[in-house]
Amino acid sequence: MKHNRPDRFWRSAAPCLFGSLGLALLTFVCFRLQVNPTTVALLYLIVIVLVSLRGNFIPAALVSIIAYLFLDSFFTAPLFHPAMSQPLDVVAPIAFLTTALVITRLMSRVRKSFQEIEALKDQLRLVIDTIPGLVWSALPDGSAEFLNQRWLEYTGLSLAEGLDWGGRVAVHPEDRARFVDEWRAALAAGKPLETEARLRRADGEYRSLLIRAVPLRDEQGKIVKWYGTSTDIEDRRRAEETSRKAQAELAHVTRVMTMGELAASIAHEINQPLAAIVNNGSACLRWLAGDPPNLDEARETARGIICDGTRAGEVITRIRALLRKTETQKVRLDINQIIQEVVLLTRNEAVRNGVALRMELAADLPPVLGDRVQLQQIILNLVINGVEAMASVTDRPRELLISSRQHEADQVLVAVEDSGVGIDRENLEKIFDAFYTTKSQGLGMGLAISRSIVEDHGGRLWAVPNDGPGTTFQFTLLKYHEER
Amino acid sequence: MPEPTPIVFVVDDDESVRKSLGSLLRSAGLSVETFASAQQFLDSPRPNSPNNMDAPSCLVLDVRLPDVHGLDLQRRMAEVKLEIPIVFITGHGDIPTSVRAMKAGAVEFLTKPFCDQDLLDAIGQAIERDRAGRRQRAELAELRGRYESLTPREREVMELVVAGRLNKQVAAELGISEVTVKIHRGQVMGKMRAESLADLVRMSEKLGIARAKTW
């Protein structure tokens, strides 16, 4: 603040000084050239305007008075003798001074608003440059017009390079063609663009950016400009990836645990064909050892061996598929087939627990989009839960009904209905919480994982109490669409 | 009259196990009848009248069936006096189940997959047991028939005689003469086809008519 006072003083004094000097010079020149007073007055007014443009009101007023004195002394008769004898002598100076002061006032107003605009511009520029995002604008032909400071810092490109290429040079080579195509398509259609592309940062690392652009139109609807932002989503993307992996890992663990619960049934499921193979093998040898050997019977038993071996192999394949750790792969699936595969694995578990397993599968259901293993996991989990829910039931038949049907226009619904002990209404949502469990052994992750899988498939998983005893768990899946 | 081929009944819900067992047993010269469930077995006409059948038989039974537990079927069969020896087979045998089965009279408890010889031995044993049982039942039926042909007085005499009373004591107890007792006694020995008193005592034990001693 110390140097502020002389600064302010000079801001007033300098225009005063230069204005007076200018007037003196002008007066000298005009006086020698015998310019008529009206022209001189106009010239003086110009000087006053110039002064008022540079300084504030006071120097302009001072310069106006000096100008009048010069005009009166050098250009109006009698020369060098200010007189007030005639009315004109009074009116003229007042008119001149008034004109000068009004002009000065107006000019300072104009100057002020110019300053304000300038300040606003600076502020806007500051906002745009400091906003935590890459901001840019483009012309209707798609060429870059403006790039904010952040953009330049992020990419490490100069403004010229950036404008020249519109940042295209910074896009990852693998994404470039697609990005350019999408940008051209948006330009041609005049529709807002939202896409993702990897952009090379100044340090050479390629990072994912979310790029958005919207057109600005004039009254006729013609596109004048495009405004856009690019946001670095790499960190979020990575966090999502990590969380997705962790979830897949957890899903796998719960799947393995579920399979553990089924171990006895699975062993039985494999043991049956093995027993049949051993029986058939023994029988085959016996038929061959007969006198004469009974070749027809021997052949029949050999066929049996092949069938049973294949069957045991299929069981193992199904189990391995469920235990395998795989990336999520969403493909077109027949949900009824998935249900049947799960029922094959759990049939024995049901029999062992005295549960009658029934299926009511709607024919000609549309295919769904989903991951085979994950969907099997959900159904497996619901079936096992249902069987366990009926373990203590002795006064009524233990029945588990698995049904599928069309739900609304674009969904398929799968329901698993048990006649078990049921769930209190207040717990109907709690059971989907992680680590909520009613079993002595169990992580309490089954339903939580199932729900997150269903939601990842764009569907919903919920439980409803039956009218009679028991609970129905149901989930929806989206219909498979060709264009996906 | 030659004995008819023994019949093996097989009850297992798994079709391939059922079929393979059928083939194995037929290859060993047995005749086989297979059933997918306990109910099917109980409903079939033959097992309900096994005592009238000539052929000895046995039942190969899977412990875990969709409708009835193997042990329950065993109990139900005992209740209705369906006396067919049982060989249990199971996918995974646990000790409590096998102990219960054996206690309830099962011939053998085999865990799948089993060696063919083990099964055939068990079946042979079961059929032998059935044959013996059959013989016993036939004998008993024969004895009962003979016993039924006795008059009430003769039965009274027989009861006292096998209880070890002397003719004199019998006569006193029944209030008849000793000579009459002797005649009745001769009738009893003849009708019962007993060669000696010891023989008659053995028969009465089989018939379960040994009277409690009163002195």
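This section describes the sheets, the nonpolar cores and the contact between chains A and B in a predicted model.

In chain B, five strands form an open sheet with parallel pairing, in the order β2-β1-β3-β4-β5. Strands β2 (31–35) and β5 (108–111) of chain B lie at the edges, each of them pairing on one side only, and the twist from one strand to the next averages 20°. Strand β1 (residues 7–11) of chain B is joined to β2(B) by five bridges, the two strands running parallel; within this pairing, B:Val8 has B:Val32 of β2(B) as its bridge partner. Helix α1 of chain B packs on the sheet, where it touches β1, β2 and β3 (57–62) of chain B, and its direction makes about 170° with that of β2(B).

Strand β3 of chain B is joined to β1(B) by five bridges, with the strands running parallel, and in this pairing B:Ile7 stands opposite B:Ser57. Four bridges join β3(B) to strand β4 (residues 86–90) of chain B, again in parallel, and here B:Val60 stands opposite B:Val87 of β4(B). The two strands β3(B) and β4(B), together with helix α3 (residues 70–79) of chain B, make a right-handed β-α-β unit. Because six of the six residues of β3(B) are buried, this strand is largely enclosed by the rest of the structure. In a regular strand the side chains alternate between the two faces of the sheet. In β3(B), B:Ser57, B:Leu59 and B:Leu61 point one way, whereas B:Cys58, B:Val60 and B:Asp62 point the other way, and all of these residues are buried.

Residues of this sheet also appear in the largest nonpolar core, which has 43 residues and in which B:Phe9, B:Val11, B:Val60, B:Val87, B:Phe88 and B:Ile123 have the most contacts. Helix α9 (residues 263–289) of chain A nevertheless gives the most to this core, contributing seven residues. A second core, separate from the one just described, comprises 35 residues, among them A:Ile338, A:Leu345, A:Val454 and A:Leu461. When neighbours within four places in sequence are left aside, B:Val11 is in contact with B:Phe35, B:Ala38, B:Phe41, B:Leu59, B:Leu61, B:Asp62 and B:Leu65.

Between the chains, 17 residues of chain B are in contact with 24 residues of chain A. On the chain B side, the largest share comes from helix α1 (residues 15–27) of chain B, which supplies eight residues. By class, this side of the contact consists of six nonpolar, six polar and five charged residues.

Chain A contains an open sheet of five strands with antiparallel pairing, in the order β2-β1-β5-β4-β3. Its edge strands are β2 (144–147) and β3 (193–200) of chain A, each of which pairs on one side only, and the twist averages 25° from one strand to the next. Strand β1 (residues 134–138) of chain A is joined by five bridges to strand β5 (residues 223–232) of chain A, the two running antiparallel, and A:Ser137 has A:Tyr227 of β5(A) as its bridge partner. Helix α7 (residues 173–189) of chain A packs on this sheet, touching β3 and β4 (206–217) of chain A, and its direction makes about 150° with that of β3(A).

Conventions:
Residues numbered from 1 in each chain as written. Chains lettered and ligands numbered in written order. Predicted model: local features only at pLDDT ≥ 70, side-chain atom pairs only at ≥ 80, totals over all residues. Core = buried A, V, L, I, M, F, W, Y, C linked by C-beta atoms within 7 Å. Buried ≥ 20, exposed ≤ 12 C-beta atoms within 10 Å, placed from the backbone. Contact = placed C-beta atoms within 7 Å. Nonpolar A, V, L, I, M, F, W, Y, C, P; charged D, E, K, R; others polar. Pairing = 2+ DSSP bridges. Axes fitted to C-alpha atoms, helices over the stretch in contact; angles between N-to-C directions. Right-handed = clockwise from strand over helix to strand, strands pointing away.
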